[in-house]
Amino acid sequence: MGAKIARVSQGGSSESELKNLREAGRILKNGGTVVFPTETVYGLGANALSPDAAKKIYEAKGRPSDNPLIVHISRLDMLYEIAEDVGSDALMLVDAFWPGPLTMIFKKKDIVPLATTGGLDTVAVRMPSHKGALKLIEAAGVPIAAPSANISGRPSITKGRYLLDEFEGKVDMIILGEDSEIGIESTVVDMTEEIPLVLRPGKISQSDIFQVISTGDSQKLKFLEKKLEDISGRHCGKPARSPGMKYRHYSPKAKVILEGPQKSAEQVLNEAMSMVTEDGKLLYEEPEVMVLCLKKNEELYGDHAYVLGEDSEEVARNLFTSLRMMDDMGVKLIISEFFSGDELACAVMNRLVKASSNI
Ligand code: TXA
Ligand code: MG
């Protein structure tokens, strides 16, 4: 049977929206699955305290069961129900960034099943700022485990219409909202280390986190930065800390090549357009190659330009949908500019590097 489809806007307060959210809340409470909008990307939710419900998420996504889920909460008391050792740094980060795109990892309490945490004794927790998401969690009355709503290995989804192809028939309900405001997933920070350590970059950066917890004390800031240096050195070459990091990620059907220090996107484009097959035909037809770029560089690539925006915020917001649009358009080779200049651009590059590798 197909999923029930409902629409809920950011505000989510009309009578019909509230009715839909109550129904979705009931489904979640009873062990079902609901896809819902958040400010980062869409999430695929189920009751985080039920192993059977968590298993349904892994099934619907085709996700390896050792890749842990993020638990979404709507009130601070839910954090204390599921997490151990919530220290003063975490509370400062809560004050500064919740609700919002920050996920914190804590030691888990027994109430959180291993099926939700991929067998780990830690739990990742986030309070989203999307009002519809908060109301949904409230309606469910339980913390909601939700990875990004996409088939495992594919780009995350930030535009509702892509959910229907991927999840119709695989979940109980799909809530369509506006396009995701931020466009890339939350920053994941490990609070169980000696210092808060970013495992997955996002809109909130490692330095934003250090700024908050050093509370203007420049000695403390220096100490944190020195520790980070030591730890990054120590982690170099070690297995990935965040289990999700080892899997194939964000892959569109097209091949993705990134501009590098040796070769500009324009050079990669020119080379690609002159490549020939064994029998002497051009490898790519004109519309099969597109360049993801900043607005200011559009003219360099002529008809091959696909503008992501004018700045990092727009680039982040449009990134995942652009990868999926390329597939819709039958693009075979995506070339991307190297985005830089701020930490959000680094977070975008983190996704693009994964999209471009074959692991
Ligand atoms: O913005 C987001 O975080 C979105 C929305 C829906 O909230 N969710 C999301 O979930 O991106 P997902 O499952 O696609 O990514 C979660 C990441 C994975 O890399 C996972 O390995 C890591 O967080 N993670 C979760 N729990 C962890 C834990 N206990 N220890 C280390 N890493 C963890
Ligand atoms: Mg994901």
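**Chat about two domains and some backbone angles**

Biologist: How many residue pairs are in polar contact between domain 1 and domain 2?

Modeller: Five, counting pairs with both residues at pLDDT 80 or more. A polar contact is a pair of N or O atoms within 3.5 Å; within protein, one must be able to donate a hydrogen and the other to accept it, and residues adjacent in sequence count only if both atoms are side-chain atoms.

Biologist: Anything I should know before going on?

Modeller: This is a predicted model, where local features need pLDDT of at least 70 and side-chain atom pairs count only at pLDDT 80 or more, while totals for chains, interfaces and linings use all residues. Residues are numbered from 1 along each chain as its sequence is written, chains are lettered from A and ligands numbered from 1 in the order written, and side-chain values use heavy atoms, leaving out hydrogens and water.

Biologist: OK, which salt bridge has arginine 324 in it?

Modeller: Arginine 324 pairs with glutamate 166, with 2.7 Å between the closest N and O atoms. Across the interface of the two domains the rule finds three salt bridges, each a side-chain nitrogen of Lys or Arg within 4 Å of a carboxyl oxygen of Asp or Glu.

Biologist: Where do the domains start and end?

Modeller: Domain 1 is 4-176 and domain 2 is 255-355; the bounds come from an automatic or database domain assignment. Their contact (heavy atoms within 4.5 Å) takes 11 residues from domain 1 and eight from domain 2.

Biologist: And how much area do they bury between them?

Modeller: About 810 Å², 48% of it on carbon and sulfur atoms. That is the accessible area (1.4 Å probe) the two parts lose on being put together, summed over both. In domain 1, Pro155, Thr158 and Tyr162 lose the most area to domain 2, together 56% of what that side buries.

Biologist: New topic: which peptide bond is cis?

Modeller: The one from tryptophan 98 to proline 99, with omega near -10°. Proline 99 sits in the loop between helix H4 (88-97) and strand S6 (102-108). Helices (H or I, at least four residues) and strands (E, at least two) are DSSP runs, numbered from the N terminus.

Biologist: What about phi at aspartate 85?

Modeller: Near 55°, positive in a residue other than glycine. Most residues other than glycine have a negative phi.

Biologist: Is aspartate 85 buried or exposed?

Modeller: Aspartate 85 is exposed, at 60% relative accessible area. Buried means under 20%, exposed over 50%, partly exposed in between (1.4 Å probe, protein chains only).
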